[in-house]
Amino acid sequence: MHLRTDGELNPVFCTIVPPHVLDHLSRSADARLADPARRTLAADALRRDRRRITALAATPTRHTAGAVPSKPQRLLYDCETGTTLPGVKVREEGDKPTSDASVNRAYAGLGATFELLLSAYGRSSIDGKGLPLVGSVHYGQEYNNAFFDGEQMVFGDGDGEIFLDFTVAVDVIAHELAHGLTQYTANLRYEGQSGALNESVSDVFGSLVKQYSLGQSAEQADWLIGAGLLAPRVSGDALRSMKAPGTAYDDDVLGKDPQPGSMDDYIETEEDNGGVHLNSGIPNRAFYLLATALGGNSWERAGQIWFDVLTGGELTATADFAEFARLTVAAAGARFGEADEREAVLKAWSEVGVPTRA
């Protein structure tokens, strides 16, 4: 169940591939590209409606008392190209790797996300109480997406023409799980600027998990979301670039990456819940600027500031960029004092045109 801070239900269905990308593909004259995109859009619309209905009938999750788990509890299922969730159980915590690479990659990605949250921030799973991490692979036929539906993660195999298997990028796995982290903390409403922040937080922690797993510093990281996900025929590097929003891809079929990197180019739209996948480029770039200005491991200082805001209890469910920015300045000051970290936060938000004063 997904609750707003005012206690009302706020169902969420979050996908890694934005609707505008699939909509662009669905209009292709090539049926090999258009048909999978159309089926994916239809499946997403159906799943989104189901999520609204099930959320209204849901009851709060109950947690048993006892020690908070220090190890993940992963459950992997195979949908066998069907759309009934969760599918057939194929691997659970402690089992040896299977012969299915998608299952093994999903298992590893769930574990990497759990490890970052626990090691860097002392948080056990996305809810802080060791919540089991559930994932289903091989969802649908040539399904061009991965999503978090409020309860579990789901991965498509891609169509092989534009997108590859959605388990190939650990940051995609972590991105989707981070929607669960937001669900159990700030509970940002999935529309407008709060929705763009919801998406950005997932990109931030997706990138942090990738960097942590690879042992990369801020300077060494590529700051791409979904690198390796695009098929060889596509002219592009990834789904999004946190370093340079708007440059992730430029393809004759996929189109050009439309993300803005500053408030000067903020996109007003009614599509995609008010452009949540588009305008997330603005806070994404702010985080990149902060992390690279501070240097070293991004999860240690920049990531800690973002985590403090997400879990601090002051961020409202309808927060805009300015509210989030002000809280990051306050969080940097509270944790590090009037030091370089706070100044770097102020500068990062200033560079993308987001005010930090009320």
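**Group meeting: one chain, from Thr113 outward**

Thr113 is buried, with a relative accessible area of 6%. I start there and work outward. Before going on: this is a predicted model.

Thr113 sits in helix H3, which runs over residues 101–121. Leaving out residues up to four places away in sequence, Thr113 touches Ala174, Leu177 and Val209. A further pairing for this residue is with Phe205: the two are 92 residues apart in sequence, and their C-alpha atoms are 8.5 Å apart in space.

That brings in the annotations. UniProt, in an unreviewed entry, lists residues 100–183 as "domain: Peptidase M4". Over that stretch the chain is 42% helix and 13% strand, and the C-alpha atoms at its two ends are 30 Å apart. The unreviewed entry also carries "domain: Peptidase M4 C-terminal", covering residues 186–354. Over residues 186–354 I have 49% helix and 5% strand, with the end C-alpha atoms 20 Å apart.

Now the chain as a whole. How many helices and strands does it have? The secondary structure comes to ten helices and ten strands. The radius of gyration is 19 Å, close to the 21 Å that the globule rule gives for 358 residues, so the chain is as compact as a globular protein of that length. Taken along the principal axes, the C-alpha atoms fill a box of roughly 55 × 55 × 40 Å.

Of the 358 residues, 56% are buried. On contacts, take those between residues at least 6 apart in sequence: 62% of them join residues at least 24 apart. The accessible surface is about 14400 Å², and carbon and sulfur atoms account for 47% of it. As for charge, there are 32 positive and 50 negative, and the mean positions of the two sets are 4 Å apart.

Next, three residues in the stretch annotated as the C-terminal domain, residues 186–354.

Ser202 belongs to helix H5, residues 192–214. Buried or exposed? Ser202 has 0% relative accessibility, so it counts as buried. Setting aside neighbours within four places in sequence, the contacts of Ser202 are His175, Ala178 and His179.

Leu294 is in helix H7, residues 281–294. Its relative accessibility is 13%, and because the cut-off for buried is under 20%, Leu294 counts as buried. What does Leu294 contact, apart from neighbours within four places in sequence? The list is Arg301, Ala302, Asp340, Glu341 and Ala344. For Glu341 there is also a C-alpha separation: 7.0 Å from Leu294, with their positions 47 residues apart along the chain.

Leu346 is in helix H10, residues 340–351. With a relative accessible area of 23%, Leu346 is partly exposed. Again without neighbours within four places, Leu346 is in contact with Val329 and Thr356. Val329 and Leu346 are 17 residues apart in sequence, and C-alpha to C-alpha they are 6.6 Å apart.

Last, some backbone geometry. As background, most residues other than glycine have a negative phi, and most peptide bonds are trans. Here are three exceptions to look at on the screen.

The peptide bond from Leu85 to Pro86 is cis, with omega near 5°. Where is Pro86? Pro86 lies in the loop between strand E2, residues 74–78, and strand E3, residues 88–92.

Thr81 is also found in the loop between E2 and E3. Its phi is near 65°, a positive value in a residue other than glycine. Thr81 counts as partly exposed, at 39% relative accessibility.

The other positive phi I have is at Asn273, about 55°, and this residue is not a glycine either. Asn273 is placed in helix H6, residues 272–279. Its relative accessibility is 37%, and Asn273 counts as partly exposed.

To go back to the starting point: Thr113 in helix H3 touches Val209, among others. If you want one place to begin in the viewer, I would open that one.

Definitions and conventions
Residues are numbered from 1 along each chain as its sequence is written. This is a predicted model: local features need pLDDT of at least 70, side-chain atom pairs count only at pLDDT 80 or more; totals for chains, interfaces and linings use all residues. Side-chain values use heavy atoms; hydrogens and water are left out. UniProt positions are given in the numbering used here, feature names are shortened, and annotations may be inferred rather than shown by experiment. Helices (H or I, at least four residues) and strands (E, at least two) are DSSP runs, numbered from the N terminus. The radius of gyration is taken over C-alpha atoms; the globule rule is 2.2 Å times the number of residues to the power 0.38. Buried means under 20% relative accessible area, exposed over 50%, partly exposed in between (1.4 Å probe, protein chains only). Contact means heavy atoms within 4.5 Å. Accessible areas come from the Shrake-Rupley method with a 1.4 Å probe; for residues, only the protein chains shown count as cover. Lys and Arg count as positive and Asp and Glu as negative; His and the chain ends are not counted. The place of a charge is taken as NZ of Lys, CZ of Arg, CG of Asp or CD of Glu.
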